[in-house]
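Student: I would like to go through this model and ask, for each label, what justifies it.

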Amino acid sequence: MLKELRIQGDEREDHGGGPPRWVWILGGVLVVLALLGAGGWWWWTQSQVPEVQTANAQARGGAGGNAVLQATGYVTARRAATVSTQITGTLTEVLFEEGDKVRKGQVLARLEDHALRAALDMARANVKSAQANIEATRAQLAQAQSDLRRQDELALSGMTTRQLAEQARTAVTATAAQLEARRREADAASAQAAQAQVNFDYTVVKAPFSGVITAKAAQVGEIVSPLSAGGGFTRTGVGTIVDMDSLEVDVDVNEAYIGQVKSDMPAEAVLDAYPDWRIPAHVIAVVPSADRGKATVKVRVALEQKDQRVVPDMGVRVSFLAGKAQAQAAPPPGVLVPRSAVVTRDGADVVFVVVGQKAAARKVKQGTPVGDQAVVLEGLKAGEPLVLNPPEQLQDGGAIKLTAAK
């Protein structure tokens with residue numbers, strides 16, 4: 001019976017079975033190869049994404065039909081200053097923040113002033129001492145003059161010698177000279193006190209003119225100096241103040257067209273931030289200097305309407321007009337775009353509009369160009385971002401990388 005219950009070797013179950021070891025190794029190799037392939041594919045697709053620059057479509061001004069030339073530039077401030085101290089010291093108070101409006105003479109910051117205050121007190125004390133010396137010498141002179149009168153009277157009556165009278169006269173002259181010296185010493189002490197007062201006043205930083213604070217460059221506890229010193233540990237300015245009433249526009253005009261621009265020429269400015277807002281303007285001056293690298297000449301343009309929306313360094317497009325624009329004139333149709341943004345695809349004019357990180361192709365209808373700008377009559381709205389110089393491989397919906405304009 002026991003022999004019948006015994007399990008033979010060929011009837012036993014193989015509990016140590018499963019895939020051979022080489023199968024696991026092969027699977028691991030395949031997984032690694034798949035990961036490497038996926039990474040390589042991702043890197044290749046990323047390297048194929050073109051890097052592009054962009055520009056916004058601009059609304060045409062109401063006097064666009066009257067424009068003889070257009071140029072781009074930036075809003076600049078003719079009156080702007082980085083306020084600093086005239087001495088080196090540690091800030092103990094900073095009394096402003098960015099965006100604050102300040103008046104001329106308003107206190108902006110204070111420096112640590114203990115040493116200068118002590119020097120001022122000493123200088124004032126020296127002035128008082130010098131004035132006291134003047135009074136003492138003046139009293140001595142009065143006494144010497146009285147002695148001289150008595151000696152003169154005695155000399156006339158023969159009751160004293162001529163030598164004593166001469167000595168009294170010499171004493172008056174010497175005392176008068178001492179009094180003059182004391183007065184000069186008092187003048188020197190007053191000058192030193194005035195200098196000490198000036199140095200003490202340098203610890204208070206005041207606004208040189210009325211304006212708006214656009215930058216705060218230092219904090220309480222930092223060392224400021226009118227000169228760069230101490231590596232990166234010393235500030236050379238406390239803040240920047242801009243007179244918003246002095247804002248104007250600087251534009252670069254291609255030197256091939258600069259002959260069309262004259263002083264006092266009417267113009268119209270459109271800010272990139274507000275493409276539907278047209279600002280009356282006029283030419284202040286054509287700067288008599290050219291940029292050989294860009295082949296442009298700078299033109300200063302005055303804005304005839306001031307608004308808090310206009311801030312320094314804003315991008316702006318200026319249309320130079322043949323005559324004064326009519327306020328009631330309706331804006332011409334279409335928008336302005338750089339010519340490099342319009343390309344031909346399958347026989348049609350196309351622009352690529354930036355949508356997120358992709359470019360959407362859009363067919364457009366062009367009009368008569370204005371200066372160096374293309375006029376798009378249909379297919380675009382003002383303010384839409386466009387790809388400049390779209391590469392040949394860029395297609396509708398293609399991924400793009402945005403780069404800053406050079």
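The turns below take each label and set a value against its cut-off.

Student: What should I keep in mind about the source of the coordinates?
Tutor: This is a predicted model. The chain has 406 residues, of which 34% count as buried, and it holds 4 helices and 26 strands. Its exposed area is about 24800 Å², with 53% supplied by carbon and sulfur atoms. Among contacts between residues at least 6 apart in sequence, 75% join residues at least 24 apart.

Student: What makes the pair of Tyr274 and Trp277 edge-to-face?
Tutor: The structure holds 1 aromatic pair. The ring centres of Tyr274 and Trp277 are 6.1 Å apart, with the planes at 80°. A pair needs centres within 6.5 Å, and planes over 60 degrees apart count as edge-to-face, so Tyr274 and Trp277 meet both conditions.

Student: Are Tyr274 and Trp277 buried or exposed, and how do you know?
Tutor: Buried means under 20% relative accessible area, and exposed means over 50%. Trp277 has 13%, so this residue is buried. Tyr274 has 30%, which lies in between, so Tyr274 is partly exposed.

Student: Why is the charged end of Arg309 said to sit over the ring of Trp277?
Tutor: The charged end of Arg309 is 3.8 Å from the centre of the Trp277 ring. The distance condition is within 6 Å, and the atom must also be within 35 degrees of the ring normal. The charged end of Arg309 also sits over the ring of Tyr274, 5.4 Å from its centre. Both distances are within 6 Å, so the distance condition holds for each ring.

Student: How do you know what span to expect of helix α3?
Tutor: The expected span is 1.5 Å times one less than the number of residues. Helix α3 (residues 114–157) has 44 residues, for which 64 Å is expected, and it reaches 65 Å from its first C-alpha to its last. The value is therefore close to the expected one.

Student: Which residues of α3 are buried, and what do they pack against?
Tutor: Among them are Leu120, Val127, Ile134, Leu141 and Leu148. The buried residues of α3 pack against α4 (162–201). After α3 comes Gly158, with a positive phi near 75°.

Student: Why are β4 and β6 called edge strands?
Tutor: The open sheet runs in the order β4-β12-β9-β6, with antiparallel pairing. β4 (80–83) and β6 (101–102) each have a single partner strand, so one side of each has no neighbour in the sheet.

Student: What makes β9 and β12 a pair?
Tutor: Pairing requires at least two bridges. Strand β9 (residues 211–216) and strand β12 (residues 239–242) are joined by 4, so they pair, and they run antiparallel. One of the bridges has Lys216 with Gly239 as its partner in β12.

Student: How many bridges join β22 to β23?
Tutor: There are 2, which is the number the pairing rule asks for at the least. These strands belong to another open sheet, in the order β2-β18-β23-β22. Lys365 has Glu378 as its bridge partner in β23.

Student: What sets Ala295 and Asp313 apart in their backbone angles?
Tutor: Ala295 has a positive phi of about 55° without being a glycine, and Asp313 has one of about 75°, also without being a glycine. Ala295 lies in the loop between β15 (278–291) and β16 (296–303), and Asp313 in the loop between β16 and β17 (315–321).

Student: Why is Asp313 called exposed and Ala295 partly exposed?
Tutor: Asp313 is at 62%, over the 50% limit, so this residue is exposed. Ala295 is at 25%, between 20% and 50%, so Ala295 is partly exposed.

Notes:
Residues are numbered from 1 along each chain as its sequence is written. This is a predicted model: local features need pLDDT of at least 70, side-chain atom pairs count only at pLDDT 80 or more; totals for chains, interfaces and linings use all residues. Side-chain values use heavy atoms; hydrogens and water are left out. Buried means under 20% relative accessible area, exposed over 50%, partly exposed in between (1.4 Å probe, protein chains only). Contact means heavy atoms within 4.5 Å. Accessible areas come from the Shrake-Rupley method with a 1.4 Å probe; for residues, only the protein chains shown count as cover. Rings of Phe, Tyr and Trp (its six-membered ring) pair if their centres lie within 6.5 Å; planes under 30 degrees apart count as stacked, over 60 as edge-to-face and the rest as tilted.
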